Amino acid sequence: MACLFCRIVSGEIPAKIAYRDDDVVAFHDITPQAPAHVLLVPTRHVSSLNDLTPADQELVGKLVYRAAQLAGELGYAERGYRTVFNCNAEAGQTVFHIHLHLLAGRSMGWPPG
Ligand code: AMP
Ligand code: ZN
């Protein structure tokens, strides 16, 4: 069976879509950790950052670029925002289809928990 985020990409599971093109889908996190919390995923399934190949480098660039565009559209370019990829257990990855978190709208601590 397709993974959760593949099912969101296909429309089988509903999500609040913020952006979509052939390569990237962005949708609002179901449990937001900040006033703005968007997940950006590739339309093609990649389980974790460990599974990226050299051919995926442009795709990852598209995720980061789109996150920056969305941050600007949402009004957070100047205030600032955080982008995060979690990879595997110690980083807290729970959905194994790579996703870039875009978090904005509050002060962020550093180092992260
Ligand atoms: P991670 O812990 O980095 O794997 O992040 C997974 C994220 O997916 C979490 O922030 C969840 O709140 C979010 N999430 C899980 N299920 C859904 C869903 N159905 N729609 C939107 N976001 C989801
Ligand atoms: Zn998937």
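The following paragraphs describe the nonpolar cores and the surroundings of ligand 1 in a predicted model. Local features were considered at pLDDT of at least 70 and side-chain atom pairs at pLDDT 80 or more, whereas totals for chains, interfaces and linings use all residues. Residues are numbered from 1 along each chain as its sequence is written, and side-chain values use heavy atoms, with hydrogens and water left out.

The largest nonpolar core (buried Ala, Val, Leu, Ile, Met, Phe, Trp, Tyr and Cys residues joined through side-chain atoms within 4.5 Å, where buried means under 20% relative accessible area with a 1.4 Å probe and protein chains only) comprises 12 residues, including Val-24, Val-46, Leu-63 and Ile-98. At least two residues of this core are supplied by each of strand S2 (24-28), strand S3 (36-42), helix H2 (57-73) and strand S5 (100-104), and H2 gives the most, with four residues; helices are DSSP runs of H or I with at least four residues, and strands are runs of E with at least two. Leu-70, one of the core residues, is in contact (heavy atoms within 4.5 Å) with Ala-18, Tyr-19, Ala-26, Val-38, Leu-40 and Leu-102, its neighbours within four places in sequence being left aside.

Around ligand 1 there are 16 residues, of which Asp-29, Asn-86, Gly-92, Thr-94 and His-101 come nearest; a residue is counted here if one of its heavy atoms lies within 4 Å. Polar side-chain atoms lie 2.5 Å from an oxygen atom of the ligand in the case of Asp-29, 2.9 Å in the case of His-99 and 2.8 Å in the case of His-101.

Technical notes
Chains are lettered from A and ligands numbered from 1 in the order in which they are written. Buried means under 20% relative accessible area, exposed over 50%, partly exposed in between (1.4 Å probe, protein chains only). A polar contact is a pair of N or O atoms within 3.5 Å; within protein, one must be able to donate a hydrogen and the other to accept it, and residues adjacent in sequence count only if both atoms are side-chain atoms.
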